[in-house]
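Here is a friendly tour of how aromatic rings meet in this structure. Have the side chains on display as you read.

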Amino acid sequence: MIAPARPRKLAKVPFVELADGRMQGVVSSGSDIGRVYVSSIAASTYAYGCSTNNNRPCGGARGWYCNHIRALIGEAVLQYGAERVARYLKVDLADAEPSGDSLIDAMFATRPGADHSGAAATVFSRFLRHLAYLELAPTTAPLPEMQWFPPTRAVA
Amino acid sequence: MRTDLLTESVDGLDEALAAVDAFDGALAAGLLRPQPAQAAGLTELADAVAGTPLADRVAEAAEKAAAGAAGEDHFVALAAARTALLGSVHDALAHRVGEATGRGRAAADVPAPTAREAVNLLAAARSWLSDLARCGWQGMDHEVVSGAAQVVSAMLPDPELRRLATLLDGFAAELAASCPGASLERVPERRWADLWARAVLLTVPGAAELPETGTLTGRLLPLGVDVQEHATAVQAQVHAVFEPADGSAARLVRAGVSVPKPDTVVGAGLWQLLRPHLSLLEAVGEGRSMELTDMPVTAEGDLLWDNERARAGESADAFVTARVALPTATDGPTAPLDRHPSRIAVPVFLEGYAARQDDDESLYFDLAGSALAVDADRIPSASPLTPEAVAKSGACIGLLRWDAGRFVLQALAVESTVRKKAVALHAGAWAGGTTDKAGVKAEKAATDAVKVLRERAGKLLRK
Ligand SMILES: [Zn+2]
C-alpha cells in the first residue's frame, strides 16, 4: 500500500507526481493565469526540463534550475516527504537533513544537463487526466474491492 | 461475544493458504519462462481444487502455464482456483465469527448475471493482466505497468465498469511506485496476487454485477463509518442495523458511496466529495436514525442509496444501538465471488476489556483471558477518533476483520470515561461536517484545494 499524499496548497503547483522515472508536474505562471509551465527532473541524472504547455522553453531554465523547478521540488517535498522524493530521484544526501534545499544542492552539485526527451506533452496530458477525475460521478453501488485499500494514519 | 474463539485455530486453514502461497510464488517470478519451482507451485494449486468442479480446467491451465504457454483463459482458470480456495477460507472464518458473535446469518440468494458491460474494455483489461502475469512482480517495469492507464481512463466514466476500473487504478499505482520489480527488496506476494486474481475474475462479463434484489422500508440505526481509500478513489460505508417497518427481524446492512478523486484531495476533502450523495453521512454526524421508504438493496445487504428515499429520523446513539439492537440482528450473506478473507468486516460491540499496548506499540484488548489484536491505524485522517483514544477506551464499536493470519478489531467508535462521564468518539463524526476547530481548518484547506483544481479543469478541459 502507498501512504496517502499530504495536504498542501495547490495554487502555485497544481500537479506534481513521481512517475515515468521523473519528478514532474505543472507550475502556474506568476504573471499569466492562462499559462502553465511543465517542469521535470529525471531520476539518477537530474536532467531538468521546463517549458510552457505550448512547448515554449522557459527562459529561466538555462544552465540552472529555474524558479518553476524549484517550486516543483518544494511542493513534491510537501506532498510526498523529502525522503520519498530523494529515494525516487536516487539522490545521495550523504549526511544532510532531507529537505527541498538539500535536495536541490545535492542534485545541482552533479552539474545536471537539460533534458531534451520532450516529456512536456506527456506530463501535460497526465495533468489533464488528473483533473478529469473531478468530473467523474460518485456512485452508491458498493465497491467490495476497496476493502483492500484501508486508510492509514501514516503519512508519506 | 466469545472472543476466546477468535484466537483458536481453524481446521484446514494452513493447508488452503499453503496452496495459495505456492501459486503466489509462481506468479511473482512471472509465467513467461517458468522454472521447475514455479511449475510445482502451479501444480500445488491445481491439486488443491482437484476434488471440485474446477478440477479439469485448472489442471489444464496449470500445465500450460508451467510450460510458459498459458493463454488468457488459462489465467482466468488459475485466478478462479485461487479465488475458490480463499472462498473456502472466508467461509471457515465467517463461520467462526458467527460462533463468536452468536448472531445468525442470512442465506445468499444472488441473481444470475445479465452481463451488460462493454466487453471490449473487459478484454483490454484482461490482456493487461495477462501481460502482468507473464512478467511477474520481479520482472515488471514502468512500460508494462503504464499499460493500465488507458484502460482505466476508458472504464472509469462507465458505472458498470467502476468496480474493475477502481481496482485496476489502485493496483497499477501501487505497482508503479514499486517499479522496476527487479530492485524490490520485499514483494507483497499475497496482496498483489489477491488484487490480480480479483481483477482477472472481474473481466468475466457479469462477474461485477451486484444487482438490486428488493427494497427496504423501515428505520436505519447507524453503528459507524468505515472509510477505504487509495490515491485516486475513496469509499465510505456506513454499517447500520435496519428495523423493518413491518416488525420483522432486524438485519445488518451497509450504505456506501464512492468516487474517483485526484490524489491531492485528502482528509476532510474526502468527506466533501462524498457527503452530498449519501445524506446518511450527515445523520451519522448528528447521531440520528433515518427512515427509509422503498430503498433498493442488494442480496448482500448493501443499500443502493438514494437521498430521495430517506429522511432524517429521531436521535439514535450508536452505543445504544450496539448494546440493544446489534446482538439480535442478522448478518448479511456474502455473494459467491466476493468470498475472500479481506471482505470480512463484521460489526461487533465490546466492553469490559483492558486495553494493553505492547512494547512495539501494537494494541490488544484483553477480555476473559483472551487477547484480541486492535488495528488502530485504520481510522480516517479527518476524524476526532485517534489511536490514543482507542488505547484508553472502555467500550468499542468495531469491525472484526481478518488480516495477516489473525482476527483484528478495527475501531469505528469508542467510549471512554473522562471525569466520571462517558465520552464517545466516532471515526465518522466529521462525515457530515464539523464545528471542531481542527476539523473546520481541514475543511477550509480541502475546499481551497478542490477550488483550484476545478478552476484549472474549467480552463483546460473544455478548451
Ligand atoms: Zn521554468
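## A buried pair between helices

In this predicted model, Trp137(B) and Phe171(B) are both buried. The model has 11 aromatic pairs over all chains. Trp137(B) and Phe171(B) make an edge-to-face pair, with 5.9 Å from centre to centre and 70 degrees between the planes. This contact links distant parts of the chain: Trp137(B) belongs to helix H5 (residues 119-139) of chain B, while Phe171(B) sits in helix H8 (residues 162-176) of chain B, 34 residues apart.

## A stacked pair by the strands

How are the rings of Tyr353(B) and Phe365(B) arranged, stacked or edge-to-face? They are stacked, at 3.8 Å centre to centre and with 10 degrees between the planes. Here too, distant parts of the chain are linked, with the two positions 12 residues apart in numbering. Tyr353(B) lies in the loop between strand S7 (346-351) and strand S8 (354-357) of chain B, and Phe365(B) lies in strand S9 (residues 363-367) of chain B.

Why do these two residues count as buried? The cut-off is under 20% relative accessible area. Tyr353(B) counts as buried because its relative accessibility is 8%, and Phe365(B) does so because its value is 1%.

## A cluster, and a charge over a ring

Back at the helix pair, Trp137(B) and Phe171(B) are joined through ring pairs with Trp128(B) and Trp192(B) in a cluster.

Now for a contact that involves both chains: which residue lies over the face of Phe149(A)? Arg191(B) does, at 5.2 Å from the ring centre.

Conventions: Residues are numbered from 1 along each chain as its sequence is written. Chains are lettered from A and ligands numbered from 1 in the order in which they are written. This is a predicted model: local features need pLDDT of at least 70, side-chain atom pairs count only at pLDDT 80 or more; totals for chains, interfaces and linings use all residues. Side-chain values use heavy atoms; hydrogens and water are left out. Rings of Phe, Tyr and Trp (its six-membered ring) pair if their centres lie within 6.5 Å; planes under 30 degrees apart count as stacked, over 60 as edge-to-face and the rest as tilted. Helices (H or I, at least four residues) and strands (E, at least two) are DSSP runs, numbered from the N terminus. Buried means under 20% relative accessible area, exposed over 50%, partly exposed in between (1.4 Å probe, protein chains only). A charge sits over a ring if NZ of Lys or CZ of Arg is within 6 Å of the ring centre and within 35 degrees of the ring normal.
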